[in-house]
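Please open the structure in a viewer and keep the sequence at hand. The tour below proceeds by selections, each followed by a description of what is found there.

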Amino acid sequence: MKKAIYTILTLAAVFASASCMKIDNFDAPGAKVSGTIIDKTTGKPMLFDQGDTHIRIWERSYSANPTYQDLAVKADGSYNNSKLFAGTYDMLPVDGAYWPCDTTFNVPIGSKGTVQNFEVTPYLHVVDFAQELNGNELTLSCRLQAPVVENLPQVVEIRPFLSLNEHCGAGNHIDYYYTDSYRVNIRKLWNKIGDENGEGTDTYSITMTVKSGYTYWCRMGVQVNNTYKNWNYSEVVKIQVP
């Protein structure tokens with residue numbers, strides 16, 4: 001008798017627990033969005049190092065006051081995310097070395113995929129980037145251009161970035177060359193280093209000793225004194241040392 005009562009009570013507990021369970025009827029996140037951050041002044045993808053900038057998104061279709069999330073942007077300015085919930089999002093490039101831009105509102109993102117590009121204006125262009133290898137001495141040089149002169153933050157410094165792979169920049173470099181010995185310390189407003197048309201008046205050169213038999217990827221970058229203190233870069237070039 002006791003055994004029968006115990007069995008009945010056990011089954012009742014099981015059915016009671018099952019009745020309390022809610023069915024998860026949400027689809028797994030599979031909405032897709034991709035695009036590129038484009039330099040508004042050149043029409044070309046803006047150059048970064050990995051982790052320099054993000055696309056910040058808010059899912060407005062889910063909440064009136066949503067928490068944001070950040071999508072990673074690659075060094076070539078592109079981004080791609082296929083693990084979002086379908087819905088309507090506000091989107092904004094953030095954290096980069098470019099003038100603040102406006103939020104893009106109500107972007108529909110679904111399983112078929114959405115392409116959303118963004119145009120930004122960089123603080124500076126690193127132009128006339130040149131490389132000269134003389135034995136074990138590598139000289140990198142560049143000049144600066146300012147797409148917007150008015151209210152441009154102070155120009156802090158110019159540095160070379162060397163790496164042993166194609167990922168090259170402030171977050172990916174050989175520490176030996178990331179010292180005060182290999183930089184141009186500027187700390188001046190634009191009117192002290194360039195003209196009112198945005199053309200820099202000086203060419204900046206830095207010479208470093210490199211190792212025989214090594215292959216380097218290198219670029220130059222310039223930093224301004226803005227909130228994030230990120231870098232505007234030249235393109236990355238490959239240097240093989242005999």
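## A guided tour

Begin with the whole chain, which is a predicted model. Among contacts between residues at least 6 apart in sequence, 67% join residues at least 24 apart. Colour the chain by secondary structure: one helix and 16 strands appear. Of its 242 residues, 42% count as buried. With the surface displayed, the accessible area comes to about 13900 Å², and carbon and sulfur atoms account for 51% of this area.

**First selection: strand E14**

Select residues 215-224, which form strand E14. Is this strand largely enclosed or largely open? Nine of its 10 residues are buried, so the rest of the structure largely encloses E14.

**Second selection: the partners of E14**

Add residues 155-163, strand E11; this strand and E14 pair in the antiparallel sense over eight bridges. Within this pairing, Met220 of E14 stands opposite Pro160.

Next, add strand E16, residues 237-240, which pairs with E14 in the antiparallel sense over four bridges. Here Trp217 has Lys238 in E16 as its bridge partner.

Then add strand E15, residues 231-233. Its pairing with E14 is also antiparallel, over three bridges. Which residue of E15 is the bridge partner of Gln223? That residue is Trp231. E14 and E15 form a hairpin, with six residues between the two strands. Select Lys229 in the turn: its phi is positive, at about 50°.

**Third selection: the largest nonpolar core**

Now show side chains and select Leu124, Leu144, Ile158 and Leu162. These four touch the most other members of the largest nonpolar core, which has 33 residues. Several strands give two or more residues to this core, among them E9 (125-134), E10 (137-145), E12 (184-188) and E13 (199-209). E11, E14 and E16, already selected above, are also on that list. Which strand gives the most? It is E14, with five residues.

Centre the view on Leu124. Leaving aside residues up to four places away in sequence, Leu124 touches Leu144, Gln145, Ala146, Pro147, Leu152, Val155, Trp190, Val222, Val224 and Asn232.

**Final selection: another core**

Finally, select Ile37, Tyr89, Met91 and Ile109. These residues are among the 18 of another nonpolar core, which lies apart from the largest one.

How values were computed
Residues numbered from 1 in each chain as written. Predicted model: local features only at pLDDT ≥ 70, side-chain atom pairs only at ≥ 80, totals over all residues. Heavy atoms only, no water. Buried < 20%, exposed > 50% of the residue type's maximum accessible area, 1.4 Å probe, protein only. Contact = heavy atoms within 4.5 Å. Areas by Shrake-Rupley, 256 points an atom, 1.4 Å probe, with all protein chains shown as cover. Pairing = 2+ DSSP bridges. Core = buried A, V, L, I, M, F, W, Y, C linked by side-chain atoms within 4.5 Å.
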